[in-house]
Amino acid sequence: MKNLSIILVVFILFSCGEANKKEHNSVSTSENKTLETAKTEIKKTNNNKVLCKINGKDWEYTTSDGMVSRNSSTQVRTATIGFKKQLEKGYESIQLEYDVDKNVLNNVWVQLKRPTKDGKIITAFYTQYGDKIDQDPKASLSGTVSLNEDSRKASGTAEITISNDYEQDQLANSEDLLITVTDLNFSGINYSDTDDLKKLIKK
């Protein structure tokens, strides 16, 4: 009778151990599926072109556009060049704003899809204004732009380091807190000029 009781106790302990093991494996599998789902949402689409590297990895864009405008008060011309990468869910983008007359990069806005600590995907915003560059010792901003006034095509470069100021507590990876954009080169980007519209209005 005593031997039977011992056997029953051992069997119960073994069953509990197996149940805990299965539960742990189930949780691990669920977490892995969540991460895989998150990665799938950031998959690139076809026909993209490489624009630059972000933290050492190629960043590609699907579409581009440009606009050149003139400040009515200062007469300073600004070239805004945008790049958009279409994803399976949502998109990422880089927008550059140049002072045409000084031929310098003034401002930059970057939106990237990044994983969070709870396995979700959010849009992380990175913004840097040239006149506030001194407020962040880690930030840097440089670049040039060239406009072909006849063909209305723009080319340019940029090198950027920007901190994330909005989603710091949510981002899963520490490297996403600060992004470095390198080797950014573009050419043949079509742009429109608001001066053309003004000329038409005068007619």
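**Exercise 1. How many bridges join strand β4 to strand β5, and do the two run parallel or antiparallel?**

Solution. Start with the ground rules. This is a predicted model, where local features need pLDDT of at least 70, side-chain atom pairs count only at pLDDT 80 or more, and totals for chains, interfaces and linings use all residues. Residues are numbered from 1 along each chain as its sequence is written, and side-chain values use heavy atoms, with hydrogens and water left out.

Step 1: find the strands. Strands are DSSP runs of E with at least two residues, helices are runs of H or I with at least four, and both are numbered from the N terminus. That puts β4 at residues 77–86 and β5 at residues 91–99.

Step 2: count. Nine bridges link them, and the strands run antiparallel. As one example, A79 has Y98 of β5 as its bridge partner.

**Exercise 2. Place β4 and β5 in their sheet, and name the edge strands.**

Solution. Step 1: list the elements. The chain has two helices and eleven strands, running α-β-β-β-β-β-β-β-β-β-β-β-α from the N terminus.

Step 2: apply the pairing rule, at least two DSSP bridges between two strands. Six strands then give an open sheet with mixed pairing, ordered β7-β6-β5-β4-β3-β11.

Step 3: check the ends. β7 (121–129) and β11 (192–193) each pair on one side only, making them the edge strands.

**Exercise 3. Decide whether T78 is buried or exposed, and list what T78 touches.**

Solution. Step 1: T78 sits in strand β4. Buried means under 20% relative accessible area, exposed over 50%, and partly exposed in between (1.4 Å probe, protein chains only). T78 counts as buried because its relative accessible area is 19%.

Step 2: a contact is a pair of heavy atoms within 4.5 Å. Skipping neighbours within four places in sequence, T78 contacts M67, V68, S69, E97, Y98 and V100.

**Exercise 4. Describe the largest nonpolar core.**

Solution. Step 1: such a core joins buried Ala, Val, Leu, Ile, Met, Phe, Trp, Tyr and Cys residues through side-chain atoms within 4.5 Å. This one has 34 residues, and L51, W59, F83, L96, Y98, I160 and F186 touch the most other members. Strand β10 (residues 178–190) gives the largest share, five residues.

Step 2: zoom in on L51. Beyond four places in sequence, its contacts include W59, F83, I94 and F186.

**Exercise 5. Where should you go easy on the model?**

Solution. Look at pLDDT, the predictor's confidence per residue from 0 to 100. The chain averages 84, but residues 1–16 stay under 50, with zero contacts beyond four places in sequence. Residues 19–45 also stay under 50, with 20 such contacts.
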